[in-house]
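Here are a few notes to read with the model open beside you. Take them one at a time, and find each residue on screen before moving on.

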Amino acid sequence: MATTWNASGLENVREPNGVQSSNSIPWYLWCVVLAVTSVSIGAHWDVSWHRSIGRDSFWTPAHMAIYACGVLAAISCGYLVLYTTLRRLAALMASSVEIFGLRAPLGAFIASWGGIAMLTSAPFDNWWHNAYGLDVKIVSPPHTLLMLGVFGVSVGTLILLLGAMNRANLNGNAIAARHLQWLLLYVGGLMVVFQMFFRMEYTWDVYLHNTGAYQSMAIGMPTLFALLWQASRNRWSSTVTTAIYTVFLIGAVLILPLFSAEPKLGPVFQQVTHFVPPKFPILLIVPAILMDMVWNRTRAWKSWQVALVTGPVFVLSLVAVEWPFADFLMSKAAENRFFGTGYFQYNMPPASFDVLRRFVAPEEGFALWGGLSLAMLFAALSTFVGIKLGRWLRDIQR
């Protein structure tokens with residue numbers, strides 16, 4: 001099977017019989033999309049592994065799924081950089097930028113850097129665990145480097161897909177552009193998964209009656225939603241991406257407990273016989289739907305006007321659904337396979353807020369509205385940044 005390149009930078013695949021299939025998605029795009037998928041699964045699997053088993057060998061399947069992302073991104077995008085630089089084919093050169101004498105699409109440079117950063121974090125993380133033991137927090141120095149790498153791979157993948165989609169639109173190839181748009185939204189959904197994973201320690205169900213949880217989501221999440229809405233040219237991008245996030249997390253809640261596990265470290269306060277899943281997803285789908293509706297009606301508005309409206313819409317709608325839903329999650333009715341509130345990690349003390357199903361530092365009155373006002377300000381600023389970034393990405397072709 002021979003491969004050629006058309007003017008939009010997409011592959012034309014010529015089968016052995018001479019029939020050419022038009023504008024198939026390049027192999028390297030499939031590689032980076034698989035990389036983002038692998039790390040999304042591996043990260044949640046790894047946290048479940050630590051909560052169920054404890055510190056284990058570095059060579060666990062969960063770790064391999066995480067670092068497969070770095071390998072796939074570094075190899076596929078590194079190859080693309082070298083191939084574009086050395087072969088200098090006209091179509092590839094037209095869709096590339098030059099950095100330090102090397103040529104490739106901008107996203108390839110970012111994703112390959114992210115892959116290298118992830119692989120660099122691996123021995124650092126292994127040394128950190130051996131020196132200091134089991135992490136008590138997700139955000140440790142090696143994990144921060146790892147997350148920066150994952151962020152690089154995700155952003156690089158997003159830019160690669162956007163460049164290909166924009167070139168397809170420019171060349172009038174609506175079918176290829178539509179396929180790339182859906183692939184872009186899929187990656188956007190996994191980026192929502194990753195962003196919420198990074199906020200896991202702040203959005204635990206026992207913190208959902210404290211405004212700190214909503215402030216943590218207001219910083220950055222509207223940026224991602226606004227960016228994807230602008231760049232993807234899809235009227236319901238926020239709804240689609242949060243639906244992917246919701247399905248992904250519910251799938252993890254339902255699937256992980258099907259596999260047996262037992263603690264290898266002490267102290268053991270909770271009897272664990274299977275993998276402990278993540279918490280039930282935050283109901284981001286509600287503000288996502290409302291934001292899409294608002295943005296579809298405010299296309300002609302200035303960026304700052306849209307941001308001022310979006311801040312309260314995001315925060316107040318999220319609080320309106322999540323606050324009472326958190327009450328439900330604290331109740332016995334949620335202790336089932338679907339909502340998964342009856343699972344506790346092996347080292348969770350019996351007197352902890354999680355086991356007792358009590359909220360940590362619940363707020364009300366002036367403290368509540370003061371905290372929510374700050375969250376709305378954060379959401380408005382985040383939205384403004386997302387709109388500006390998204391409008392820049394709408395035109396990116398390299």
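1. Start with Arg-337 and its contacts. Leaving out residues up to four places away in sequence, Arg-337 touches Val-253, Leu-254, Pro-257, Leu-258 and Tyr-343. Please keep in mind throughout that this is a predicted model. Arg-337 sits in the loop between α11 and α12 (353-356).

2. Two of those contacts deserve a closer look. The side chain of Arg-337 reaches the backbone oxygen of Leu-254 at 2.8 Å. A polar contact of 3.5 Å also joins the side chains of Arg-337 and Tyr-343.

3. Is Arg-337 buried, partly exposed or exposed? Its relative accessibility is 36%, so Arg-337 counts as partly exposed, since that class lies between the 20% limit for buried and the 50% limit for exposed. For a sense of distance, try Cys-31: Arg-337 and Cys-31 are 306 residues apart in sequence, and their C-alpha atoms are 34 Å apart in space.

4. Now compare that with Ser-303, which lies in helix α11. Ser-303 has a relative accessible area of 6% and is therefore buried, as the cut-off for that word is under 20%. Which residues does Ser-303 touch, not counting those up to four places away in sequence? They are Phe-384, Ile-387, Lys-388 and Arg-391.

5. Your next stop is Asn-166, in helix α5. Asn-166 is buried, with a relative accessible area of 5%. Neighbours within four places in sequence aside, Asn-166 is in contact with Arg-233, Leu-393, Arg-394, Asp-395, Ile-396 and Gln-397. With Arg-233 there is a polar contact between side chains, at 2.8 Å. You can also check Gln-181, which is 15 residues from Asn-166 along the chain, with 9.5 Å between their C-alpha atoms.

6. Arg-233 leads us to α8, because it is the residue that follows this helix; the phi of Arg-233 is positive, near 60 degrees. α8 has 12 residues and reaches 16 Å from its first C-alpha to its last, close to the 16 Å expected at 1.5 Å a residue. How much of α8 is buried? The count is 12 of the 12 residues, so α8 is largely enclosed by the rest of the structure. Among these buried residues are Met-221, Pro-222, Leu-224, Trp-229 and Ser-232.

7. α8 also helps to line a pocket. The second largest pocket holds about 390 Å³ of space. Its lining has 18 residues, and the closest to its centre are Phe-151, Val-155, Met-191, Gln-195 and Leu-224. The elements that give two or more residues to this lining are α5 (141-170), α6 (174-198), α8 (221-232) and α13 (365-393). Leu-224 is thus a useful residue to click on: it is one of the buried residues of α8, and it is also among those closest to the centre of the pocket.

8. Which helix gives the largest share of the lining of this second largest pocket? It is α5, with seven residues. As for chemical character, the lining of the second largest pocket divides into 14 nonpolar, four polar and no charged residues.

9. Next, look for enclosed spaces. How many cavities of 30 Å³ or more does a search of the whole structure find? There are four. The largest cavity has a volume of about 200 Å³. It is lined by 18 residues, of which Met-200, Thr-203, Tyr-245, Lys-279 and Phe-280 are the closest to its centre.

10. At least two residues of the lining of the largest cavity come from each of α6, α9 (237-255) and α11 (303-329). The most, three residues, come from α6. The lining of the largest cavity is made up of 13 nonpolar, two polar and three charged residues.

11. Finish with the second largest cavity, whose volume is about 50 Å³. Its lining residues include His-44, Arg-51, Trp-204 and Pro-277. Met-200 and Lys-279 line this second largest cavity as well, and both are among the residues closest to the centre of the largest cavity. By type, the lining of the second largest cavity has six nonpolar, two polar and two charged residues.

Conventions: Residues numbered from 1 in each chain as written. Predicted model: local features only at pLDDT ≥ 70, side-chain atom pairs only at ≥ 80, totals over all residues. Heavy atoms only, no water. 1 Å grid on protein atoms, 1.4 Å probe; cavity = no way out; pocket = protein on both sides within 12 Å on 5 of 7 lines; lining within 4 Å. Points joined across faces, edges and corners; volume = space filled by probe spheres on them. Helix = DSSP H or I, 4+ residues; strand = E, 2+ residues; numbered from the N terminus. Nonpolar A, V, L, I, M, F, W, Y, C, P; charged D, E, K, R; others polar. Buried < 20%, exposed > 50% of the residue type's maximum accessible area, 1.4 Å probe, protein only. Contact = heavy atoms within 4.5 Å. Polar contact = N/O pair within 3.5 Å; in protein donor to acceptor, adjacent residues only side chain to side chain. Expected span 1.5 Å × (residues − 1).
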